[in-house]
Amino acid sequence: MCVSSFARSNGAAAGNGAAAAKETAAAQPAAAHAGVHETLKQAWARVFAYATGDGRDRAEPVARFQQPEDLHKIVGIGLDEQPTTQNLLEMVDNIFKYSIRSNHPCFFNQMGMGGTEVIGILGEAIAAAVNHAMYTYEMAPVTTLMERELIAQLLKLAGFESGDGMFNPGGSMSNAHAMLLARHQASSLTKTEGLHGYSKQLVAFTSAESHYCFERSGLLLGLGTENVIKVPVDDCGIMIPSELERLLEECVAAGKQPFFVNATAGSTVYGAVDPIRACHAAAKKVGAWFHVDGAWGSSALMSERHRGILDGVELADSLSWNFHKLGGMPQSCSVLLCKDEQIMRDALKLGGDCSYLYHEQPYDVSIDSGEKSLQCGRRPDSIKLWLTWKMLGTQKMGERIDKQMANKESFIGMLRNRSDVFEMVCEPGFCNVCFWYKPKGSDLAKEQVHELTARIKQGMMLEGRCMVNYQPRGDRPNFFRMVFTNPEAEDQDLKLALDEIERIGDEVIKTLSC
C-alpha cells in the first residue's frame with residue numbers, strides 16, 4: 001500500500017459535497033500524510049526494538065502458545081472488504097507478541113533460524129525497499145555486483161579454482177538446481193526432449209539421512225522417487241562408502257545410469273557429515289556428478305578452526321550453502337556453487353523469446369544472471385549477506401561459527417555430567433546433539449520413552465521458556481535434538497534447556513502409559 005492509500009484507509013475524510021468539506025479539502029492530505037508518517041515511524045521503531053532487543057530478551061518467553069482458533073481472534077486474522085478499524089501499531093505488537101522468538105537465546109528448535117545478525121535484518125529491509133529483481137545488471141546494478149563478489153569469495157572458501165554460483169530461495173531449491181545440472185551433464189538432450197531424450201534410466205544416490213528435498217528433486221525432474229536411492233548409514237547417520245559403491249555397481253549392472261551422487265555435510269537430525277573424499281571416489285568411478293549438500297555444514301568453511309570438517313569439499317562438482325542457518329542471515333539466503341561455469345549457463349538457457357528482458361546493452365551482458373536461474377523475479381538476497389560480511393569481515397564471521405561449536409561442546413559436557421538423567425543417542429555430529437531424558441532406575445520401555453519425549457516437548461511449548469525439537473529415527477524412539485545456531489546463547493541457556501526437560505519430565509513420568 002502506498003502512503004496515500006494508507007492515509008485514505010486510516011481516516012482521511014472524503015467530501016460529502018458540504019461547503020465545510022470543500023474548505024478543508026486542501027488541508028486534509030497534508031494532515032493525513034503527517035499522521036501516517038508518524039504511525040509508520042512508530043511501527044518501524046517497534047521493528048527495530050524487536051530486532052535489536054525485545055526479540056532476544058531472556059526475560060521474555062520464547063513462545064506464547066495459543067490454540068489456532070483463539071489466536072485467530074486475538075490477532076484479528078480475518079480479512080474484509082473494508083479497511084480495518086484495528087490500530088496498525090497494535091497489529092504489529094500482536095505479531096511480535098505471539099510469534100516464536102527464534103532469536104531468543106533459549107530457542108534451539110530449528111536450524112533454519114536463530115541468532116540472526118541485526119545487519120542482516122537491515123539488509124532484508126533494504127532488499128524490500130529497493131524491490132527489484134535480479135535477472136539483469138540493468139535492473140539490479142548494485143546487487144548484481146554484490147552477488148558476483150560474494151560468489152567469487154565463496155568459491156575460494158570452497159576451494160573451487162573456478163566456477164559460478166546462484167542465490168536460490170532455500171537449500172531445497174539449491175539442491176534441486178544441482179541435480180538439474182547433473183542431469184544436463186548426463187545428457188543435454190533431456191533439456192529439450194525430457195527423459196525420453198536419453199536411453200538409460202537416470203538414477204540419483206544420497207544417504208538415508210539426507211534431506212527429503214532430494215526425493216522432491218527426483219519428483220520435480222521426472223526421475224520418480226524410486227530412482228533416488230537412499231544409501232545405508234551407520235549408527236551416527238553417516239553414509240557408508242562401501243554401500244554406496246555396491247549400489248552404484250548394481251545400478252550399472254542393471255543397465256541404468258548413476259548420474260548424481262550427494263554427500264551430506266551436516267544432516268538435519270544427527271548432523272552427520274558423510275566421508276566426502278570416499279563418496280567422491282565412488283561417484284567418479286561411474287562418471288556421476290558429485291554434489292555436497294552443505295546447507296547446514298558449509299558455514300564451517302568460514303572458520304579456520306573448523307573448516308576441516310568439510311575435508312575434500314574442493315573435489316565436489318557443486319556445493320549448496322545456506323547462510324540463514326549458521327550464517328545468521330534472515331530467511332532465506334541460500335547459494336549453489338558450481339565448478340563448471342558453462343554448464344550452469346547452458347543447463348537453463350532457453351532458445352525462446354525473452355527479448356523483453358535481455359537487450360543489447362552498453363555493458364558486458366555476461367554479468368546478467370537471469371538465464372542461469374530457475375527463477376525470473378529473483379529477490380536480491382545478496383544484500384543482507386554482503387552488508388553483514390562487509391561490516392563484520394571474514395574473521396568475525398568465522399568466530400561466530402567458533403562460538404556455536406563451543407556451545408555444542410559445552411552442552412555435551414553438561415549431558416555427560418548429568419548421565420544419571422540424560423543419555424546421548426550417538427556420538428554428536430556437526431552442530432547437533434541428540435539425547436534422551438532417561439532417569440536411571442526408571443526402567444522405561446521404548447514405547448514409554450517415545451511418549452515421554454513428545455509430552456515433555458508439549459509441556460515446553462505450552463510454558464514457552466525454551467524450545468527443543470524431537471523426532472524418532474528408525475527403531476529409535478523419540479529423542480531430543482539440540483541445534484546451536486545462536487552465538488548469543490550462553491551456558492545458562494543450555495543449562496536451562498536441560499533443567500526444563502528434567503523438571504517437566506519428572507511430572508510427566510508419573511502419568512506415563514504402562
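## Exercises on a predicted model

The sulfur of Cys 338 lies 17 Å from the closest cysteine sulfur, which belongs to Cys 213, and that is too far for a bond. Keep in mind throughout that this is a predicted model.

**Exercise 1. Work out how many disulfides the model has, and look at where Cys 251 and Cys 338 sit.**

Step one is the cut-off: two cysteine sulfur atoms have to be within 2.5 Å to count as a disulfide. Cys 338 fails, since its closest partner sulfur, in Cys 213, is 17 Å off. Carry the rule through the model and you end up with 0 disulfides. Cys 251 fits that result: the nearest cysteine sulfur to it is the one in Cys 279, 16 Å away.

Now for the burial. Under 20% relative accessible area is what counts as buried. Cys 251 comes in at 7%, so call it buried. Cys 338 is at 0%, so it goes down as buried too.

**Exercise 2. Check the length of helix α6, then sort out which side of it is buried.**

Start with the length. α6 runs over residues 118–130, which makes 13 residues, and at 1.5 Å a residue the helix should span 18 Å. The C-alpha atoms at its ends are 19 Å apart, so expectation and model agree.

Next, pick out the buried residues: Gly 120, Gly 123, Glu 124 and Ala 127. Around the axis they take up an arc of only 105 degrees, so they share the same side of α6. What do these buried residues pack against? Their partner is α14, residues 382–417.

Then flip to the other side of α6, where you'll find Ala 128 and Ala 129 exposed. Finally, step just past the end of the helix: Asn 131 has a positive phi there, about 50 degrees.

**Exercise 3. Describe the surroundings of Thr 143.**

First, place the residue: Thr 143 belongs to helix α7, residues 141–158. Is Thr 143 buried or exposed? Its relative accessible area is just 2%, so it's buried.

Second, list what Thr 143 touches, leaving out residues up to four places away in sequence: His 132, Met 134, Pro 380, Ser 382 and Ile 383. Third, pull out the polar one: the side chains of Thr 143 and His 132 are joined by a polar contact of 2.8 Å.

**Exercise 4. Decide how far to trust the chain, using pLDDT.**

Begin with the overall picture: the chain has a mean pLDDT of 91, with 93% of its residues at 70 or more. Then turn to residues 11–21, where pLDDT stays under 50. For that stretch the model has 6 contacts beyond four places in sequence.

Key:
Residues are numbered from 1 along each chain as its sequence is written. This is a predicted model: local features need pLDDT of at least 70, side-chain atom pairs count only at pLDDT 80 or more; totals for chains, interfaces and linings use all residues. Side-chain values use heavy atoms; hydrogens and water are left out. Helices (H or I, at least four residues) and strands (E, at least two) are DSSP runs, numbered from the N terminus. The expected span of a helix is 1.5 Å times one less than its number of residues. Buried means under 20% relative accessible area, exposed over 50%, partly exposed in between (1.4 Å probe, protein chains only). The arc is that of the directions from the helix axis to the C-beta atoms. Contact means heavy atoms within 4.5 Å. pLDDT is the predictor's confidence in each residue, from 0 to 100. A polar contact is a pair of N or O atoms within 3.5 Å; within protein, one must be able to donate a hydrogen and the other to accept it, and residues adjacent in sequence count only if both atoms are side-chain atoms.
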